[in-house]
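Colleague: I should like to request a close look at a single part of a structure, followed by a connected account of other parts of it. Please keep the explanation suitable for a first-year student.

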Amino acid sequence: MNQRLRNLKSKVCVRFTPIAKFIVALATVFLMLDAVSEFQKLRRVPPPVCQTPTTPDTTGSAPKIRLCEFDLVISETDVQPNSSRIQNAPIALLIPVYRDGLTALINGELVGRVEVNQLRMPARLATVPAILPVQANNFRLGHNKLEIVVTGLAGRDPMLGPIYVGPSNLAVEQFRKLWFIAAIVPTLILGGQAALSFIFFTIWNRRRQETGFGWLALFLLLDTARGSPIIPAMGLESSSVSYWSLLVPFSSVAFLMFARTLAALKPTPHNWLFWLPPSIIASAALISSPTTATGILMPLGVMVVCCNLLVATAVLFNGWRRGIPEARFLFLCTALLAGFVVHDLMLSLQLIDGRMALARLGLLILLIAMITLMINRFTDAMSELDQTAKKMRQRATEIEAQLRIAYEKLSIQREGAVLAQERARLMRDLHDGLGGEMVAVLALAERGTAGFDEIAYHARAALSDMRLIVASLEDYDGDLTMAMGTWKERAEPQINAAGIKLNWLPANIGRDFHFGPRQTLEILRIMQESVANVIRHAKALTITVGCEVSEGHLVLTVEDDGVGLPTLVTNGRGLANMKGRANSLGGRIEIQSSNTGTAIRLYLSTPACT
Amino acid sequence: MKFASDLNKGKHNILIIEDEPTVRDRLSYAFDNHEDCVVSTAGSIIEARTAFRLKIPDLILSDLCLPDGNAIDFLIEARKEAPLAEILVISVLGDEKTILSAIAAGASGYLLKDAMPNDIYSIAMDVLAGGSPMSPSIARLVVMHARASQSDQCEEKILDLLAPLTPREMEVLWGIAKGFSYAQIGLQLGISSKTVPSHIKSIYRKLRVDNRSSAVYEAVQQGIIKL
C-alpha cells in the first residue's frame, strides 16, 4: 500500500533534473532571441557601397569613419497608411546593430543622428538598436539615396549591420523588442546575478565547507560589477579604456576555483598564485596610459582569461573522467564558451568574417549552467535533509513500535514468571501443610474407626495452616515479632483449650532480621508444628514461646514442661519436616528432650534475601 | 437504655447473621447453656433486617458475605438505629480485609468461625461488658496504617483517625501487635497494667467509624478493599 502510494507520488511529481532545467532556461533565451530575429513586414535595405575615407591620424585616438551609401527603394507598402504627417513619420529606418555612432542622410538631407556612446555597455548581449523616423517631406516613393556615416570610437572600427525599412508603427514595435533584449533583459540578468550572488554568498557563509557556493557568489559578483548598467552614471567610464573589463580576469580565476571545487579537487596552498596575474594587470592598467592599457594590458588580460578557461576546461574534463556528472555537464558548457571565445578572438583578429561576438552568449549559457547546478545541489541537500528527517521519523516510529512490542512481551513474560513463581509457592504451601492435613481428615473419616476428636484435630490443623498461609502474605514490614503476635492470637485459644498456659516472651529483635512472606510462613509453621506436638504428646502445663538475638543469630524457642517427646515424634515425619523447613531458611533446629520437658530451638542468621 | 423487651429483661439479645447453617448452629450453640443470652439467627440480610426490627439486639455477630449482599451497609444502619449495639464480625481467616471491614462497620472486633464455644461466649461477654479487646492483628493493622499515613502523605489512607495517635498509644499498639499481655505491656512501658485498657479505648475512639464518610467505608465501597 505504502509502496504503491510512493510510486504514484513519484509519477505525479516529475522531478526536473539539472539538465532539464538547463535546457528549459536555454530554450527560453533562444525563444526570446528568435522572437526578435523575425522582422515581419520590415524590409531589408539592399547592402550598401561603403568606403573608409583616409584621414591623417596622428594621435591614434581620433574616431574612425565609414561612409555607406544605400539605394533606398520605398514602395507604398512601406508607408504607414493612416499616419498623421505632423505627429508620426510614415516610415522609419531600423538599425539593430552598429558601432558606435551614426548619422543618416536621405537625398542629402539629415534625417537623424544616433550616439550610443553614453549607453555603450560592453556586457550587453546585443548592441543597442537605433530607430530613425523619416518624415514625409524627406523621401519620395521610388529610389532614394540613403547615406549613413558610421563613426567608431578610439581603437574601434566603425561597424554597420543590416538596415530595415518599413511603416514606422511596425518599426517601433520591432525596435521595442530589440530594446527589450538589448537593454531590459541584460539589466534583469544583472539584477538576477546580483541577487543570486547574495544568496549563494549567504549559503556559503553558513556552510563554509561548501566552497563551490562561495566561488560562484564571487564569480557572479564580479560579472555583475563588470556588466553593471550603473557604472557610466558613476562617472568612472573612460571614453577609451573599459576599466571594468579588468574584472574579467578575476572572474575567470573565480570560475577556475569553482571548477576545481566541482571536480572535487582539494585546494592546494598555491591556489592564491592564480590571483596574481589579474592583480598585476589591473594594477598596471590603473597607473599606465590609456594607450598602453588598451594596446598591451588588455590583450594580456584576454590571454589570462583564455588560460584560466583552458585550465578550468581541463580540470572539469578530469572530473568527468573520474565520474562526476556535474563536472561533465559543466565541462560541455565551458568547452562551448571556450569555442565562442576562440571565435571572438579570431573575429577580433579579423581572421574570420562575422558581426556577432558570441562569448557573451557562451558566458550566459555557462552562468545558467552553474546556477542551475548549484541551486540543484542546494535543493538536493534540502530534500535529502527532508528525506533523512522523514526516514528518521519513520525509523523512530518503527523503533518505538518495536520497543513497545518488546516491552509488552517482556512484561507479559515477567508477569507470567511472577505468576508461575506465585503458583509454585502456593502449590508448595498448600501441599506441605493444608493438603496433608486434609488427606489425614479424609483417611480418618473413611476408615471410620478414628474418633471425632482426631478428625477435628486434623481439620483444625488444616484451618490453622490455611490461616498461616494467609497470615504470611500479610504486611508485617519484615517484622517477625508482629507475625508472631498474629500467630499467637490464633494459637493461644488452641493451647488454652488443651489446658495449657502460654508464656509469651518475645524480645524486640532489631531491623537486622527482615523476613519475607516465604520465610515468615516457614518460621510460623515450625512454631505451629512445635506447639501442636506439645499439645498432642507432652502433657505439659505451660508452653513458653520466645525469641532472642544471640551471637548474631535469631533464636526462636518453644519450650514445655511436659514429659518429653516420644520416639515416635523424634523419628517421625513431623520433626523431619521441621528440619527441612529450617534448612530451607538457611537455619538449623536443636531439640532437647527429657522427661522434664522439651526445648526446640530454631537458629536463624540474617537472611541474605527476602 | 436497654432495648430488650420486658420478657427478656436483664438478658442479652444476640443476633447471629450467618448463611451457613452448620456454622450458625455452632455459634448459636456457644450461647445455649447460658441463661443470660437470648439468641436469634438470620441467614441473609433480609432476614437480619426483620429480626433486627422485631427485637433490637445488644450484640450482633455477623458474617460479611451473605447470599443477598455485603453486610456492611446493614451493620452501619444497625449501629445508627441502635448506637449501643455491639458488633463482632465473623470470619474464616481473620485476614486484613475482614479486619478493615469490621472497623468500617464499626465492629468491636471479629470472631473466627472455628473459635471454641467457650471463647466465643467469653469474647461476647467481654464486648457486652464494654470492654474493647484488641487483637494483635487489629493492632498490627492500625500501627502499620497509622505509620504509613504519617510517613507518606501520598499513600492512600485506609484508616483515617479522628485524631493522631499519641506515642504512648503507638507503643501500646506495638505491644499488642507482638502478642504481649496487658501486664507485659505495662511492665515494658513502665505504666500500670490497668491503664492499658484505657489507652485501647482511646485508640478505639479515634478509630471508631460510625459514619458513611469514613475512609474505610469509602475504600470498601469503591472496591479498594474487596470483600
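With which side chain does the side chain of Arg601(A) make a polar contact?

Modeller: Please bear in mind that this is a predicted model. The side chain of Arg601(A) makes its polar contact with the side chain of Gln592(A), at 3.1 Å. Arg601(A) itself belongs to strand E16 of chain A, which covers residues 597-604. If the neighbours within four places in sequence are left aside, Gln592(A) is one of the residues in contact with Arg601(A). The others are Val555(A), Leu556(A), Thr557(A) and Glu559(A), together with Arg588(A), Ile589(A) and Glu590(A). A further relation concerns Met527(A): 74 residues separate Met527(A) from Arg601(A) in sequence, while their C-alpha atoms are 9.7 Å apart in space.

A second polar contact may be set beside this one. The side chains of Thr103(A) and Arg113(A) are joined by a polar contact of 3.4 Å. Thr103(A) is located in strand E6 of chain A, residues 101-106. With a relative accessibility of 14%, Thr103(A) counts as buried, because the limit for that word is under 20%. Beyond four places in sequence, the residues in contact with Thr103(A) include Arg113(A) itself, as well as Leu110(A) and Gly112(A). Glu147(A), Ile148(A) and Val149(A) also belong to this list of contacts.

The cysteines come next. Over all chains, the structure holds one disulfide. Its partners are Cys50(A) and Cys68(A), whose sulfur atoms lie 2.2 Å apart. This pair links distant parts of the chain, for Cys50(A) is in strand E2 (residues 49-51) and Cys68(A) is in strand E3 (residues 64-74) of chain A, 18 residues apart. The torsion about the S-S bond is about 110°, and therefore the disulfide is right-handed. As to exposure, Cys50(A) is partly exposed, with a relative accessible area of 31%, whereas Cys68(A) is buried, with a value of 1%. Two further cysteines may be mentioned: Cys547(A) is buried at 3% relative accessible area, and Cys65(B) is partly exposed at 43%.

Finally, the account turns to the interface between the chains. Here 24 residues of chain B are in contact with 23 residues of chain A. The area buried between chain B and chain A is about 2,100 Å², and carbon and sulfur atoms give 51% of this area. Within chain B, the residues that lose the most area to chain A are Leu93(B), Arg140(B) and Lys178(B), which together account for 30% of what that side buries.

The rule finds two salt bridges across the interface of chain B and chain A. Arg467(A) forms a salt bridge with Asp114(B), in which the closest N and O atoms are 2.4 Å apart. In addition, 10 residue pairs are found in polar contact across the interface of chain B and chain A, with both residues at pLDDT 80 or more. On the side of chain B that touches chain A, at least two residues each come from strand E7 (109-112), helix H6 (136-151) and helix H7 (167-177) of chain B. H6(B) gives the most to this side, with five residues. By character, the residues of the side of chain B that touches chain A comprise 10 nonpolar, five polar and nine charged.

Definitions and conventions
Residues are numbered from 1 along each chain as its sequence is written. Chains are lettered from A and ligands numbered from 1 in the order in which they are written. This is a predicted model: local features need pLDDT of at least 70, side-chain atom pairs count only at pLDDT 80 or more; totals for chains, interfaces and linings use all residues. Side-chain values use heavy atoms; hydrogens and water are left out. A disulfide is a pair of cysteine sulfur atoms within 2.5 Å. Helices (H or I, at least four residues) and strands (E, at least two) are DSSP runs, numbered from the N terminus. Buried means under 20% relative accessible area, exposed over 50%, partly exposed in between (1.4 Å probe, protein chains only). Contact means heavy atoms within 4.5 Å. Buried area is the accessible area (1.4 Å probe) that two parts lose on being put together, summed over both. A salt bridge is a side-chain nitrogen of Lys or Arg within 4 Å of a carboxyl oxygen of Asp or Glu. A polar contact is a pair of N or O atoms within 3.5 Å; within protein, one must be able to donate a hydrogen and the other to accept it, and residues adjacent in sequence count only if both atoms are side-chain atoms. Ala, Val, Leu, Ile, Met, Phe, Trp, Tyr, Cys and Pro count as nonpolar, Asp, Glu, Lys and Arg as charged, and the others, Gly among them, as polar.
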